[in-house]
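Hi,

Here is the structure I promised to pass on. Have a look at it first, and my notes follow underneath.

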Amino acid sequence: MTQEKLRIGLFGYGCVGQGLHDVLNSSKGFKADIVKICVKDRTKMRRIPMTNFTFDKNDILNDSSINLVVELIDDADEAFNIVTTAMRSGKNVVTANKMMVAKHFKELVEMQSKYKVSLLYEASAGASIPIIRNLEEYYDNELLYSLRGILNGTTNYILTKMHNEGLPYAEALKEAQEKGFAESDPTLDVEGWDAKYKLCIITGHAYGLFLEPEQVFHYGINTISKFDIQYAKEKGFKIKLVPFVGKTNENTITSFVLPRFISSDKYLYNVDNEYNGVITEAAFADKQFFSGKGAGGHATGSAVLSDISANSYGYRYEYKKFQQGTVSKYTRDFKLEVYLRYNDEKDKELFGFEEVSEYFSGRFYKYVIGVVNLERLYSLREQLRNLDVFIVNTGRKINPPTLQMGVEHKERDQNLG
Ligand code: HSE
């Protein structure tokens with residue numbers, strides 16, 4: 001395929017924009033010109049001459065010599081505006097904006113075929129881990145049972161620092177912000193939104209369902225206390241924020257984001273700091289584990305570069321699982337065993353525990369371990385924000401094994417971590 005010379009219009013010059021710039025400058029084999037960089041803040045000191053910058057998005061969007069738009073700003077609404085304008089005018093786009101992709105997933109997929117352009121977003125989920133293209137290309141005909149992992153670097157950094165060094169939550173969050181891992185609004189990280197957006201994007205490629213983020217239950221780590229860390233340590237666990245998507249039967253999937261206990265014999269146990277990790281379980285490939293840096297300018301920039309390079313040889317997502325249409329339903333009727341740390345008995349009653357295997361009531365805190373339905377958690381999602389509780393998925397297998405589809409298999413644990 002003949003390669004058009006890449007002339008890039010870049011939106012945003014924050015942590016990821018600068019990371020991409022460094023990565024591009026040090027990449028010997030690949031040549032692409034960044035023609036213009038559009039930024040918002042006129043007063044900010046920049047590390048390269050101001051002649052590289054513009055404050056007017058139309059300087060890029062209306063420049064017909066620019067054939068690739070790279071969008072790396074953190075305002076999802078403005079990003080959507082920029083990306084769709086670029087696509088409508090026939091420009092290919094690379095973005096790292098998970099909130100934007102997740103919120104407009106279906107529309108963005110449709111626009112790609114309507115305007116015959118490509119939108120690539122490998123950096124939006126798992127940063128340096130090439131999970132989206134692997135799902136598209138490697139798992140295109142695989143029977144994928146489940147995918148789970150760590151998809152947010154900030155929360156993993158906080159949990160690591162709390163567990164390993166006893167750092168208070170607020171201090172660990174501050175460090176994650178200083179290192180450039182956190183979102184401009186860190187509640188997106190700590191409340192689990194960011195991990196959920198990434199999970200929704202992954203779900204589109206793993207199963208061909210473009211879920212509305214609103215459909216998916218998410219819970220973060222912002223109410224974690226030292227008692228939860230202490231409990232985990234006593235049992236030999238670490239707590240990680242783990243998004244999960246998996247099949248409940250042949251044509252149905254479920255998904256959620258919840259903190260989870262991870263024992264030391266599991267892959268995710270040693271995925272620390274800003275690293276992310278993804279575990280896939282499939283009929284033929286069996287279990288696979290991907291790990292790499294999940295946040296930070298250079299790690300994310302490397303994934304953006306990989307998309308820029310893929311774009312230069314005409315790569316586009318085919319949404320193969322969507323084309324196949326095997327999975328058509330989404331359910332939240334799914335049982336989970338959770339640890340609930342709480343103070344007020346009334347709060348515990350809200351959860352409707354079905355089986356209780358452990359109960360503790362001490363001077364400083366109480367906890368219960370039992371089975372709840374995901375639908376129930378979902379119905380409590382607004383209330384949960386104001387409750388003095390912390391929920392952790394224990395990872396114990398509750399539901400019947402996923403369909404085996406005639407393939408010989410050892411007992412499968414949807415919750416192996
Ligand atoms: N705030 C995100 C994280 C950045 O911590 O994972 C990478 O998407």
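Below is what I found around the ligand and in the two pockets.

First, the ground rules. It's a predicted model, so residues are numbered from 1 along each chain as its sequence is written, local features need pLDDT of at least 70, side-chain atom pairs count only at pLDDT 80 or more, and totals for chains, interfaces and linings use all residues. Side-chain values use heavy atoms, with hydrogens and water left out.

**The ligand**

The shell around the ligand (residues with a heavy atom within 4 Å of it) includes Lys98, Thr154, Phe181, Asp189, Asp194 and Lys198. By class, that shell holds 3 nonpolar, 4 polar and 5 charged residues (Ala, Val, Leu, Ile, Met, Phe, Trp, Tyr, Cys and Pro count as nonpolar, Asp, Glu, Lys and Arg as charged, the others, Gly among them, as polar).

For polar contacts (a pair of N or O atoms within 3.5 Å), glutamate 183 puts a polar side-chain atom 2.6 Å from a ligand nitrogen. Glycine 153 uses a backbone N or O atom, 2.7 Å from a ligand oxygen, and a side-chain N or O atom of asparagine 152 is 3.5 Å from an oxygen of the ligand. The protein buries 93% of the 260 Å² that the ligand exposes when taken alone (Shrake-Rupley, 1.4 Å probe).

**The largest pocket**

The ligand sits in the largest pocket, meaning that more than half of its atoms lie within 2 Å of the pocket's grid points. A pocket here is an open set of points on a 1 Å grid over the protein atoms alone, where a 1.4 Å probe fits, with protein on both sides within 12 Å along at least five of seven lines; lining residues have an atom within 4 Å of a point. Two elements, α7 (153–165) and α10 (193–207), give two or more residues to the ligand shell (helices are DSSP H or I runs of at least four residues, strands E runs of at least two).

This pocket has a volume of about 1100 Å³, the space filled by probe spheres set on the points. Of its 50 lining residues, Leu72, Ile73, Asp74, Asp75 and Ser184 are closest to the centre.

**The second largest pocket**

This one comes to about 300 Å³. Its lining has 16 residues, with Glu191, Trp193, His218, Arg381 and Arg385 nearest the centre. α16 (381–384) is among the contributing elements and gives the largest share, 3 residues.

Cheers

Notes:
Polar contact = N/O pair within 3.5 Å; in protein donor to acceptor, adjacent residues only side chain to side chain.
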